[in-house]
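Colleague: I'd like to go through this fold with you, and I'll keep asking what each term rests on. Could you bring up the model?

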Amino acid sequence: MALITSRDAAFAYEGNVVVDGLTFTVNSGDYLCIVGENGSGKSTLMKGILGLMRPKSGTIETGEGLHPTQIGYLPQQSATQKDFPASVYEVVISGRLSSRGLLPFYGRKDHKIAQENMEKLGITSIRKKSFRELSGGQQQRALLARALCATEKMLLLDEPVSGLDPLVTAELYQTIDMLHRDTGITIIMISHDIHAAVEHATHILHLQNKQLFFGTTEAYKQTESAKQFLSGGEQT
């Protein structure tokens, strides 16, 4: 059974349809990139996957025991997030909050998982540093470790390399590839970078206020939409 199944879903704000015709599946172990121009419905679909919006029509469902609150979510960074007054370790372990229920304190398992995820992301040596003092790349690694603390099944990454320089961007993509390859975790990444999408993802979902394409990356490369965007550079 698929982790995410969308059947002709449409999402609307105040009655106005933003994106429709969404029919796709995300299976365990997939690496799906959702691409499209600004305003194409990518962020709206993200809210639907997270259970923050209900479809106006059609359905979008989770399977294999996955609940939307068990999806590790890495949002686009805001100025407030970048200036968050906490240590790296405090940020990372806060990803365990949704799994603690009513327990008032982190348990041994929570600390063990936080430590393991910091090691995976190579940030153990900066665990005591203030989050606000980190570089952009270090902050994204800390937030990615936090997202991993919330899930063993799926990561949802919203423009994870936005604002990073090219070298740090390449390193973060490599890190995401490593997590996908070594842990088998399912990745859904929203991206404006079509070149990175076809380089790293196993599947592509292309939106333009409706579903233009869903399928394997190799099949997508043969479409006119892909050829147009790849020849024109990154989307805006």
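Colleague: Which strands does H6 lie across, and at what angle does H6 run to S5?

Modeller: H6 lies across S5 and strand S6 (154–158), at about 160 degrees to S5. Angles here run from 0 to 180 degrees between N-to-C directions, with axes fitted to C-alpha atoms, for helices over the stretch in contact. Helices (H or I, at least four residues) and strands (E, at least two) are DSSP runs numbered from the N terminus. Please remember that this is a predicted model, where local features need pLDDT of at least 70 and side-chain atom pairs count only at pLDDT 80 or more, while totals for chains, interfaces and linings use all residues. Residues are numbered from 1 along each chain as its sequence is written, and side-chain values use heavy atoms, without hydrogens and water.

Colleague: How are H6 and H7 oriented to each other, and what makes you say so?

Modeller: The axes of helix H6 (residues 136–149) and helix H7 (residues 166–183) cross at roughly 20 degrees and come within 10 Å. Angles under 35 degrees count as roughly parallel, over 145 as roughly antiparallel, 65 to 115 as roughly perpendicular and the rest as oblique. H6 and H7 are therefore roughly parallel to each other. Their contact (heavy atoms within 4.5 Å) involves residues including Leu 144 and Leu 148 of H6 and Leu 172 and Ile 176 of H7.

Colleague: What do you call the angle of H5 to H6, and why?

Modeller: Those axes come within 9 Å and cross at roughly 140 degrees. That value lies in none of the named ranges, which makes H5 oblique to H6. Among the residues in this contact are Ile 113 and Met 118 of H5, with Leu 144 and Leu 148 of H6. By class, eight are nonpolar, one is polar and one is charged; Ala, Val, Leu, Ile, Met, Phe, Trp, Tyr, Cys and Pro count as nonpolar, Asp, Glu, Lys and Arg as charged, and the others, Gly among them, as polar.

Colleague: What makes S2 and S4 edge strands?

Modeller: Strand S2 (16–26) and strand S4 (57–62) each pair on one side only. They belong to an open sheet of three strands, ordered S2-S1-S4, with antiparallel pairing. Two strands pair if DSSP finds at least two bridges between them. Five bridges join strand S1 (residues 4–13) to S4, so that pair meets the rule. One partnership is Ile 4 with Thr 62.

Colleague: How do you know that S3 and S8 pair?

Modeller: Four bridges join strand S3 (residues 31–35) to strand S8 (residues 203–207), and the two run parallel. For instance, Cys 33 has Ile 204 as its bridge partner. They sit in an open sheet of six strands, S5-S6-S7-S3-S8-S9, whose pairing is mixed. The twist there averages 10 degrees from one strand to the next.

Colleague: Why is the contact of Asp 110 with Arg 96 called a salt bridge?

Modeller: The closest N and O atoms are 2.8 Å apart, and the rule asks for a side-chain nitrogen of Lys or Arg within 4 Å of a carboxyl oxygen of Asp or Glu, so the pair qualifies. Asp 110 lies in helix H5 (residues 108–121) and Arg 96 in the loop between helix H3 (88–93) and helix H4 (97–100), so the pair ties together parts 14 residues apart in sequence. The whole structure has five salt bridges.
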